[in-house]
Amino acid sequence: MSTVEIEEKSVEEAIETACQRLNLSADQLEIEIVSQGSSGIFGIGTRKAKILVSPKESGDDTSLEEAREILENILAHIQVPTTVQATWAEDRIKLDISSNGSGLLIGKRGQTLQSLQLIVNKIYNRQASKKAHIVVDTENYRERRRKALTEVALNLGNRAKKSGKPAASSPLSSHDRRIIHLALKNDRKVRTQSKGDGALRKVVVFPVRKEHSGEKQTTSRNS
C-alpha cells in the first residue's frame, strides 16, 4: 500500500485518523511527522499537523516473498509452467510448486526436489537478514514419501523380529534414511544402523536380543 498523507489539528489526532482509515493500530504503521502544526496567535495563522503513514512491512511476509522469488527464478530456467505458493509451516517456510510437470520436478526418489530445496536454502540464508529453513514440495510429495518410507521401516522391523536376522533397505538418501530411523526409534525389539558408502548407503534393521532389549541403541539418523 502506498503512503497516505493525513492532516488534522494535532499529530495525535492525525495518527488516530490514520489508524481508523487503514484499520491498523499505531504500532503497525510507519509514521513520518511532516509538521507538528500550530495554533497561531488568537486563531490567526493556524496550521494543521501533517503526517505521512504507511503499513509496516511484515517481516514474515517479506521472508515468504524473498524465498518464493528465489525458487521462481530457478524454475524460470525449466521449460515447464509453474506457480509457487509460500506459507509458514510452524517455524519453516514451505514453498509449494503447482505444475503439470511435477514428475520432472520430483525426480528419482525425490532427488531433484531435494536439490531444489538445498539450493533455495543456500541462496536465501546467504542473503536474508532473517534465517529460516525452507521446505520445497509439490503435490504433497514429501508427506506421501514419508508415509511410504514409514511403511517400509515397519516391514523391515517385522521381518527382522520374525526371522531373527538383519533386514536391509535399498540404498537411500540421508533424508530418507532418517525417516527409517525415526519410524523405528521407539521399537525396543529392533535397532537401526546405516551401512554402506555414498549412494549405496542403506539402513539395516537388527533384531534386539531379549536380554539386551533394555539397552536398544540407534545410530545417528543422518548417518
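1. A pocket is an open set of points, on a 1 Å grid over the protein atoms alone, where a 1.4 Å probe fits, with protein on both sides within 12 Å along at least five of seven lines; lining residues have an atom within 4 Å of a point. The largest pocket is lined by 23 residues, and R92, V135, R142, H175 and R178 lie nearest its centre.

2. This is a predicted model, in which local features need pLDDT of at least 70 and side-chain atom pairs count only at pLDDT 80 or more, while totals for chains, interfaces and linings use all residues. Residues are numbered from 1 along each chain as its sequence is written, and side-chain values use heavy atoms, with hydrogens and water left out.

3. The volume of the largest pocket (the space filled by probe spheres set on the points) is about 740 Å³. Its lining comprises five nonpolar, nine polar and nine charged residues; here Asp, Glu, Lys and Arg count as charged, Ala, Val, Leu, Ile, Met, Phe, Trp, Tyr, Cys and Pro as nonpolar, and the others, Gly among them, as polar.

4. Helix α6 (helices are DSSP runs of H or I, at least four residues, numbered from the N terminus) gives the most to this lining, with six residues.

5. The second largest pocket has a volume of about 180 Å³. Among the residues that line it are R109, D176 and R177, and its lining divides into three nonpolar, three polar and three charged residues.

6. In α5, the buried residues (under 20% relative accessible area, with a 1.4 Å probe and protein chains only) include Y141, R142, L149 and A153. After α5 comes G164, with a positive phi near 75°.

Conventions:
Helix = DSSP H or I, 4+ residues; strand = E, 2+ residues; numbered from the N terminus. Buried < 20%, exposed > 50% of the residue type's maximum accessible area, 1.4 Å probe, protein only.
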